[in-house]
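Here is a friendly walk through one protein chain, from its overall make-up down to a few individual residues. Keep the structure view open as you read.

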Amino acid sequence: MKVRTFFFSAIVAVMPLMMTSCDPKDDDNTGSSATPVDVTKVVGEYQGYTLANSNYFQDNFTPNESVSITKNEDNTVKVVLTSNTWGASTIDVAKVTYDGSRYTVNGNGTCVMMGMGGSERTYDCSLTSDIASTADATFSVSLPALMGGTTIVFKPGRGSTGYYVADNYRGDIAVSVSGENYLTLNDTVVKLKGETGDKVSITIPEVGVPMGSQTITIPTTTFQGISVTTTDYTNFIIPEQQVSITVGTTNFSGTLTGSVTDGVLALTYNLTPGSMPMPITFTFTQSAKK
């Protein structure tokens with residue numbers, strides 16, 4: 001009994017030492033227990049764009065955004081995301097870690113944005129980020145109390161050209177075959193949604209085209225992966241590209257081309273049903289500048 005008592009007493013006495021020796025310290029923002037992280041590697045000004053998502057919208061795009069990171073005295077950093085849409089999100093104390101190739105910067109703070117009538121609204125926010133350089137980084141700010149939960153993602157650079165032309169455009173669609181006008185649909189909506197890689201998806205409305213004793217109906221259709229080019233981020237070209245849809249057993253194939261100039265969409269798409277010798281041409285003209 002004395003031997004057992006002595007044995008357990010020895011274990012209890014040694015346990016604090018064992019726990020101390022197995023508890024690596026990371027209070028000084030270190031990548032390991034011995035090597036502090038060089039937080040100056042992430043310090044700087046990041047220029048880019050934001051995409052915001054919530055239960056009410058997806059990929060809400062804002063260009064010309066910025067993130068500023070400065071070093072604190074305790075080897076943490078201060079991060080400020082400044083947005084033309086979402087105000088200023090400030091994380092006064094963010095911790096930096098390094099895995100040998102990329103840095104993470106995480107912390108909690110507040111977001112201040114303008115409300116109705118010029119009043120300020122303040123929301124709690126949290127930041128997670130992944131950084132290799134000022135040109136290769138992702139910052140994600142989460143605001144749980146804003147519109148049931150909103151996430152703002154900042155990335156460096158211009159962003160996809162598709163995001164710049166994303167909108168709902170209202171106007172008229174003229175339908176013609178071999179230059180002969182068949183009908184005009186007034187007050188229609190063509191929807192452009194931004195995609196990554198300088199692309200956009202284009203949703204066209206349903207159109208019924210009377211052809212003799214029958215009507216050819218083109219249903220509401222979304223063409224995905226449509227390329228968009230620009231040289232000045234003000235005027236955009238949708239170069240001619242192949243499109244196709246299938247209605248029942250009939251394939252409609254053709255081309256689509258257009259432009260967005262100073263916010264005004266012009267779009268033409270040609271669709272040939274089956275073995276029909278000539279295409280049906282649809283020309284969208286925006287009724288007014290947004």
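The report below starts with the whole chain, then turns to strands, cores and cysteines.

**The chain as a whole**

Please bear in mind that this is a predicted model. The chain has 290 residues, and 38% of them are buried. Its secondary structure comes to 2 helices and 19 strands. About 15,900 Å² of the chain is exposed, with carbon and sulfur atoms supplying 53% of that area. If you look at contacts with a separation of 6 or more, 42% of them come from residues 24 or more positions apart.

**The barrel**

A good place to begin is the set of 8 strands that close into a barrel, in the order E1-E2-E3-E4-E5-E6-E7-E8, with antiparallel pairing. From one strand to the next, the twist averages 25°. Strand E1 (residues 44-53) and strand E8 (residues 150-156) run antiparallel and are joined by 6 bridges. Within this pairing, Tyr49 has Lys155 in E8 as its bridge partner.

Ala52 is worth a closer look, and it belongs to strand E1. Is Ala52 buried or exposed? With a relative accessible area of 0%, Ala52 falls under the 20% cut-off and therefore counts as buried. Setting aside neighbours within four places in sequence, Ala52 is in contact with Phe57, Gln58, Asp59, Asn60, Trp86, Thr151 and Ile152. Ser140 is 88 residues away from Ala52 along the chain, yet the C-alpha atoms of the two are separated by 9.5 Å.

**Strands E16, E17 and E18**

Further along the chain, strand E17 has antiparallel partners in E16 and in E18. The table puts the two pairings next to each other.

| Pairing | Residue ranges | Bridges | Opposite residues |
|---|---|---|---|
| E16 and E17 | residues 235-247 and residues 250-261 | 11 bridges | Val243 and Gly254 |
| E17 and E18 | residues 250-261 and residues 264-273 | 10 bridges | Phe252 and Pro273 |

Both pairings form hairpins, so to speak, with a short list of details to note. The hairpin of E16 and E17 has 2 residues between the strands, and Gly248 takes a positive phi near 65° there. In the hairpin of E17 and E18, 2 residues again lie between the strands, and Asp262 has a positive phi near 50°.

**Two nonpolar cores**

Which residues touch the most other members of the largest nonpolar core? They are Ile202, Leu256, Leu265, Leu267 and Phe282, in a core of 34 residues. Apart from that core lies another one, of 30 residues, including Tyr46, Val67, Cys111 and Leu146.

Leu267 gives a good view of its surroundings. Beyond its neighbours within four places in sequence, Leu267 is in contact with Val190, Ile202, Ile238, Leu256, Thr257, Gly258, Phe282, Thr283 and Phe284.

**The cysteines**

How many disulfides does the structure hold? The number is 0. Cys111 is in no disulfide, and the nearest cysteine sulfur, that of Cys125, is 5.9 Å away. Why is there no bond from Cys125 to Cys111? A disulfide needs the two sulfur atoms within 2.5 Å, so the 5.9 Å between these sulfurs is too far for a bond. Cys111 counts as buried because its relative accessibility is 0%. Cys125 is also buried, with a relative accessible area of 5%.

Terms used: Residues are numbered from 1 along each chain as its sequence is written. This is a predicted model: local features need pLDDT of at least 70, side-chain atom pairs count only at pLDDT 80 or more; totals for chains, interfaces and linings use all residues. Side-chain values use heavy atoms; hydrogens and water are left out. A nonpolar core is a set of buried Ala, Val, Leu, Ile, Met, Phe, Trp, Tyr and Cys residues joined through side-chain atoms within 4.5 Å. Buried means under 20% relative accessible area, exposed over 50%, partly exposed in between (1.4 Å probe, protein chains only). Contact means heavy atoms within 4.5 Å. Two strands pair if DSSP finds at least two bridges between them. Helices (H or I, at least four residues) and strands (E, at least two) are DSSP runs, numbered from the N terminus. Axes are lines fitted to C-alpha atoms, for helices over the stretch in contact, and angles run from 0 to 180 degrees between N-to-C directions. Accessible areas come from the Shrake-Rupley method with a 1.4 Å probe; for residues, only the protein chains shown count as cover.
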